Amino acid sequence: TSETEKYTIGFSQTGISDEWRKSMNQAMEIQAGFYPELELKILDSEDDIDNQLKDIEQLISEKIDILIVSPIKSKPITPIVEKAFKSGIPVLVVDRKTEGDNYTAFLGGDNYEVGTNAANYLASLTNENKRVIEIKGLAGSSPALERSLGFNDIINATKNLEVVKAIEGNWESYSIKDSLRDVLESIKDIDYIFVHNDRMALGAWEVVREKKLQDHIRIIGVDGLNGPNGGIQLVKEGKLLATILYPTGGDEAIQLALKILNGERVAKNNILSTTVIDSRNADIMNKQFDKIYQQQQDIDYQRIKIGKQEKRYTTQKQTLQLLLAL
Ligand code: FRU
């Protein structure tokens, strides 16, 4: 019998309470399923930094062959990631970054570009003076920092646009509703709200509607997930003016991990591209993503069927051998 080497990929995920993370995990599981030599172990930190530290510690002690990690916040997770890396475990950082450069490779969307895309989109809409609120993701996480930088760099260079207020959230809808209520009561004549993700953007839309301002204030989100209450649907329903596509990179993460495991040289920075989704392309994006999803399901179904046939073939072969031995 020939034994191919087996690899265990340990993935420390921030949390799995939201659809973006679920879809990332699902893409990774489907992709890993194509390689019989791969075992994928995903630990869910429930968005708690102490849990994530323990999870990574556990993965290190289990002697995984590669660590994939999406750090909830950069700073507190950096030392343990460095420890893994320095102990010889290759480390692939995905979506959110650590500090410094003690890791093998990074893979994720360009969050600075997410911010500039959003601001350039607003700038392209009008030459009139417009007032903007920015609602940020979790402080200390790299996407929040970079989205804000990119957005403000363009807004500051655009004469007719002004950010009049920034609100801090934690990526979840509930975290921004009270502050936005207060802000909308004290500051009038807001035209746009740029929100760092679609879940908080939906929360912002709910507050805007509560205040009967939905005909005046237009909202831009980030993520552009397909499916119920995903950004693409929110654009189609007119709740969002636009969303910036932020790919999860689940498939790519597994492919990159495999290359690293096979000793291939990989780039340190692996950047996934982003794009604006608005009413002009939301429908086509929706149909394309549906189609890809359907094809993935078909492939998965075929894979399971082939697996079953292989099993049946092996038992038939064994029975035959037994009979012949009689
Ligand atoms: C998912 C999420 C996304 C956001 C990303 C940033 O957990 O909150 O909505 O784009 O994380 O890392």
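This is a short tour of one helix pair and several salt bridges in a predicted model.

**Stop 1: helices H6 and H7**

Start by selecting residues 174-186, which form helix H6, and residues 198-210, which form helix H7. Show them as ribbons and look at how they pass one another. Their axes come within 9 Å and cross at roughly 40 degrees. That angle makes H6 oblique to H7, and the crossing is right-handed.

Now turn on the side chains to see which residues do the touching. On H6, select Ser175, Ile176, Lys177, Leu180, Arg181 and Leu184. On H7, the partners to select are Met200, Gly203, Ala204, Glu206, Val207, Val208 and Glu210. If you colour this contact by residue type, seven of its residues come up as nonpolar, two as polar and four as charged.

**Stop 2: a bridge between two helices**

Next, go to the salt bridges; the count for this model comes to 18. Select Glu57 and Lys83, whose closest N and O atoms are 2.7 Å apart. Which helices does this pair connect? Glu57 belongs to helix H2 (residues 49-61) and Lys83 to helix H3 (residues 74-86), so the salt bridge ties together parts that are 26 residues apart in sequence. Switch on the surface, and you will find Glu57 partly exposed at 35% relative accessibility. Lys83 is partly exposed too, with a relative accessible area of 43%.

**Stop 3: Glu128 and Lys130**

Move on to Glu128 and Lys130, whose side chains meet in a salt bridge at 3.6 Å, N to O. Keep the surface on here. Is each partner buried or exposed? Glu128 is exposed, with a relative accessible area of 51%; the cut-off for that label is over 50%. Lys130, by contrast, is buried at 17%.

**Stop 4: Arg280 and Asp278**

Now select Arg280 and Asp278. They form a salt bridge with their closest N and O atoms 2.8 Å apart. In this pair the arginine, Arg280, is exposed, with a relative accessible area of 72%. Its partner Asp278 is buried, at 5%.

**Last stop: a small network**

Which residues are joined through salt bridges that share partners? To finish, select Asp18, Glu172 and Arg199 together: shared salt bridges join these residues into one network. While you have Arg199 on screen, bring back the ribbon for helix H7 (residues 198-210) to return to where the tour began.

Key: Residues are numbered from 1 along each chain as its sequence is written. This is a predicted model: local features need pLDDT of at least 70, side-chain atom pairs count only at pLDDT 80 or more; totals for chains, interfaces and linings use all residues. Side-chain values use heavy atoms; hydrogens and water are left out. Axes are lines fitted to C-alpha atoms, for helices over the stretch in contact, and angles run from 0 to 180 degrees between N-to-C directions. Helices (H or I, at least four residues) and strands (E, at least two) are DSSP runs, numbered from the N terminus. Angles under 35 degrees count as roughly parallel, over 145 as roughly antiparallel, 65 to 115 as roughly perpendicular and the rest as oblique. A crossing is left-handed if the near helix is turned anticlockwise from the far one by less than a right angle, and right-handed if clockwise. Contact means heavy atoms within 4.5 Å. Ala, Val, Leu, Ile, Met, Phe, Trp, Tyr, Cys and Pro count as nonpolar, Asp, Glu, Lys and Arg as charged, and the others, Gly among them, as polar. A salt bridge is a side-chain nitrogen of Lys or Arg within 4 Å of a carboxyl oxygen of Asp or Glu. Buried means under 20% relative accessible area, exposed over 50%, partly exposed in between (1.4 Å probe, protein chains only).
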